[in-house]
Amino acid sequence: MRFDVVVHEQSLICRRIFQGKRSLAAPVVKKLKKLQTLRGSQRTSLCNCVTLLTVVALRMLEPPNDEYFMREALRQAQKAYAADEVPVGAVVVRAGKIIARSHNQVELLKDATAHAEMLALTQAEAAVGDWRLIDCDLYVTKEPCTMCAGALVLTRIRRVIFGCTDPVAGSAGSVINLLQMPDFNHRCDIASGVLQDECATILQDFFRRRRDE
């Protein structure tokens with residue numbers, strides 16, 4: 001088969017792969033067209049470049065996983081750290097998209113209930129237009145406390161994913177598991193240990209700094 005025909009077919013395949021993602025497809029297709037004007041080592045070099053671009057773009061199209069969303073929660077925790085709040089962050093996800101994000105704001109709001117999870121749930125309820133969040137997942141950097149676990153059950157959150165455990169007050173399995181009480185009318189699925197070390201480190205650093213002050 002002629003090389004120009006192969007390049008044309010690869011361009012069509014590329015456009016099909018990136019359908020609806022023109023910004024991703026454009027650079028790959030452009031380089032594929034340029035292949036037709038090159039010879040020898042230049043052609044080989046550009047072929048390798050096109051392959052790399054395609055692989056990178058395909059990775060970008062992969063659906064976000066738990067680590068991706070936990071990193072977003074960690075960014076919220078870093079905001080809390082910078083504001084001298086206990087560094088816990090949370091995001092609420094629905095249909096693969098973040099609809100709410102927050103971090104601890106207890107000191108800022110002078111409100112003991114202003115935990116990351118509570119604020120994120122309020123945002124999510126506003127985004128959904130309902131207090132029932134039955135098709136939503138919550139990612140939080142630290143295991144929820146009793147108050148937050150109760151709110152997660154009441155809002156019917158589908159799944160709770162947290163980073164590090166809280167052996168003192170954790171209410172998702174460490175001290176008590178309020179998220180899966182058999183007598184409650186709702187139970188949340190739980191996943192723990194996602195980016196556990198990073199989630200624990202920011203808390204440890206915060207309290208170490210507090211002790212040194």
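Tyr139 is buried, with a relative accessible area of 3%. This value, like those that follow, comes from a predicted model.

**Aromatic pairs**

The ring of Tyr139 belongs to one of four aromatic pairs counted in the structure. Its partner is Phe69, and the two rings are tilted, with 5.3 Å centre to centre and 45 degrees between the planes. Phe69 is placed in helix 4 (residues 66-82) and Tyr139 in strand 3 (residues 136-142), so this pair ties together parts that are 70 residues apart in sequence. Phe69 also counts as buried, at 4% relative accessibility. Together with Tyr68, the residues Phe69 and Tyr139 form one aromatic cluster.

Another of the pairs joins Tyr81 to Phe206 in an edge-to-face arrangement: the centres are 5.9 Å apart and the planes make an angle of 70 degrees. Because Tyr81 lies in helix 4 and Phe206 in helix 8, the pair ties together parts that are 125 residues apart in sequence. The accessibility of the two partners can be stated in turn. Phe206 is buried at 0% relative accessibility, while Tyr81, at 26%, counts as partly exposed. The ring of Tyr81 has a further neighbour: the charged end of Arg209 sits over this ring, 4.8 Å from its centre.

**Phe162 in strand 4**

Strand 4 contains Phe162. Is this residue buried or exposed? Phe162 is buried, its relative accessible area being 3%. Leaving aside residues up to four places away in sequence, Phe162 touches a set of residues that includes Met70, Val140, Lys142, Ala172 and Ile190. Ser192, Gly193 and Val194 are also among the residues that Phe162 touches. Between the C-alpha atoms of Phe162 and Ala90 the separation is 9.0 Å, although these residues stand 72 residues apart along the chain.

**Positive phi angles in loops**

Which backbone angle is notable at Arg156, a residue that is not a glycine? Arg156 has a positive phi of about 65 degrees. A positive phi is also found at Leu195, again not a glycine. The table gives the angles of these residues.

| Residue | Phi |
|---|---|
| Arg156 | about 65 degrees |
| Leu195 | about 50 degrees |

Arg156 is located in the loop that runs between helix 7 (146-154) and strand 4 (159-164). Leu195 is found in the loop between strand 5 (189-192) and helix 8 (196-212). Leu195 is buried, because its relative accessible area is 12% and the cut-off for a buried residue is under 20%.

Notes:
Residues numbered from 1 in each chain as written. Predicted model: local features only at pLDDT ≥ 70, side-chain atom pairs only at ≥ 80, totals over all residues. Heavy atoms only, no water. Helix = DSSP H or I, 4+ residues; strand = E, 2+ residues; numbered from the N terminus. Buried < 20%, exposed > 50% of the residue type's maximum accessible area, 1.4 Å probe, protein only. Contact = heavy atoms within 4.5 Å. Phe/Tyr/Trp six-rings, centres within 6.5 Å; stacked < 30°, edge-to-face > 60°. Lys NZ or Arg CZ within 6 Å of the ring centre and 35° of its normal.
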